[in-house]
Amino acid sequence: MMKESVARFWREIPQRYNIIGNKCTVCGRVFFPPRESCPYCRRKSLGKMQKIQLSGKGKIVTYTIIHSATEDFEDQVPYPIAIVELDEGPRITAQIVDCKPEDVKIDMRVESTFRKIRQDGSTGAIYYGYKFRPMR
Ligand code: ZN
């Protein structure tokens with residue numbers, strides 16, 4: 001039972017790692033998270049949304065440094081949270097890792113990376129998700 005759920009978790013990782021958005025085939029706008037229909041084309045776009053894998057690359061539009069956090073995150077402060085505009089267009093809010101908070105700059109190129117988000121103190125469960133790091 002235990003073995004099965006662990007295997008299943010690892011099988012699901014590729015989907016979690018890839019940032020999947022979708023694209024309106026009418027106007028070409030890209031969305032993340034995926035949307036049912038394009039808000040720009042309204043009805044015209046129904047059934048014309050196409051899943052696409054995003055590159056995970058983009059640039060920082062704006063950011064803020066978090067100095068105090070809830071218990072789950074307090075070992076990480078201070079840390080930068082940024083709005084990242086992906087090359088395909090959508091904007092994502094995410095933590096910036098692998099650099100000092102003072103090195104984070106607007107327009108800095110970043111790429112997504114799959115990281116531990118937090119560990120549940122009582123159960124020890126580890127949650128993963130995407131964060132962004134400076135592109136090298
Ligand atoms: Zn559209």
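How many residues lie between β7 and β8 in their hairpin, and which residue in the turn has a positive phi? The hairpin holds six residues between its two strands, and G124 in the turn has a positive phi of about 80°. Strands here are DSSP runs of E covering at least two residues, helices are runs of H or I covering at least four, and both are numbered from the N terminus.

A word on the model comes next. The structure is a predicted model, in which local features need pLDDT of at least 70 and side-chain atom pairs count only at pLDDT 80 or more, while totals for chains, interfaces and linings use all residues. Residues are numbered from 1 along each chain as its sequence is written, and side-chain values use heavy atoms, with hydrogens and water left out.

The hairpin belongs to an open sheet of five strands, in the order β6-β5-β4-β7-β8 and with antiparallel pairing. Two strands pair if DSSP finds at least two bridges between them. Strands of a sheet pair through backbone hydrogen bonds, either parallel or antiparallel. At the edges stand β6 (91-95) and β8, each with a single partner strand, so one side of each is left without a neighbour in the sheet. From one strand to the next the twist averages 30°, where axes are lines fitted to C-alpha atoms (for helices, over the stretch in contact) and angles run from 0 to 180 degrees between N-to-C directions.

It helps to walk through the pairings one by one. Strand β4 (residues 57-66) pairs with strand β5 (residues 79-86) in the antiparallel sense over eight bridges, and Y63 stands opposite A82 in β5. Between β4 and β7, which run antiparallel, there are three bridges, with K59 opposite R109 in β7. The antiparallel strands β7 and β8 are joined by nine bridges; Q119 has I126 in β8 as its bridge partner.

Away from the sheet, a zinc ion offers a second point of interest. Its protein donors are C24 (SG), C27 (SG), C38 (SG) and C41 (SG), at 2.3 to 2.4 Å from the ion. Donors are N, O and S atoms within 2.8 Å of the metal (3.2 Å for Na, K and Ca), and sites may look incomplete because water is not among the atoms. Along the sequence, the donor residues follow the spacing C-x2-C-x10-C-x2-C. C24 in strand β1 (residues 19-24) and C38 in the loop between β2 (30-31) and β3 (49-54) link distant parts of the chain, 14 residues apart. Both C24 and C38 are buried, meaning under 20% relative accessible area, whereas exposed means over 50% and partly exposed lies in between (1.4 Å probe, protein chains only). The zinc site is tetrahedral, with angles of 105 to 114° among its four donor atoms; for four donors, this label requires all angles to lie between 85 and 135 degrees. Ideal angles at a metal are 109.5 degrees for four tetrahedral donors.

Aromatic rings bring the loop and the sheet together. Rings of Phe, Tyr and Trp (its six-membered ring) pair if their centres lie within 6.5 Å; planes under 30 degrees apart count as stacked, over 60 as edge-to-face and the rest as tilted. By this rule there are three aromatic pairs. One of them joins F32 and Y130 edge-to-face, at 6.0 Å centre to centre and 70° between the planes. F32 lies in the loop between β2 and β3 and Y130 in strand β8 (residues 126-134), so the pair ties together parts that are 98 residues apart in sequence. Y130 also pairs with F132: the ring centres are 6.2 Å apart and the planes at 80°, so this pair is edge-to-face. Ring pairs thus link F32, Y130 and F132 into a cluster. Within it, Y130 is partly exposed at a relative accessible area of 27%, whereas F132 is buried at 0% relative accessibility.

The backbone has a few details worth finding in the view. The peptide bond from F32 to P33 is cis, with omega near -5°, and P33 sits in the loop between β2 and β3. In the loop between β6 and β7 lies D98, where phi is near 65°, a positive value in a residue other than glycine. D107 is found in the loop between β6 and β7 and has a positive phi of about 80° although it is not a glycine.

Methods. Tetrahedral: all angles 85-135°; square planar, octahedral: opposite > 155°, others 65-115°.
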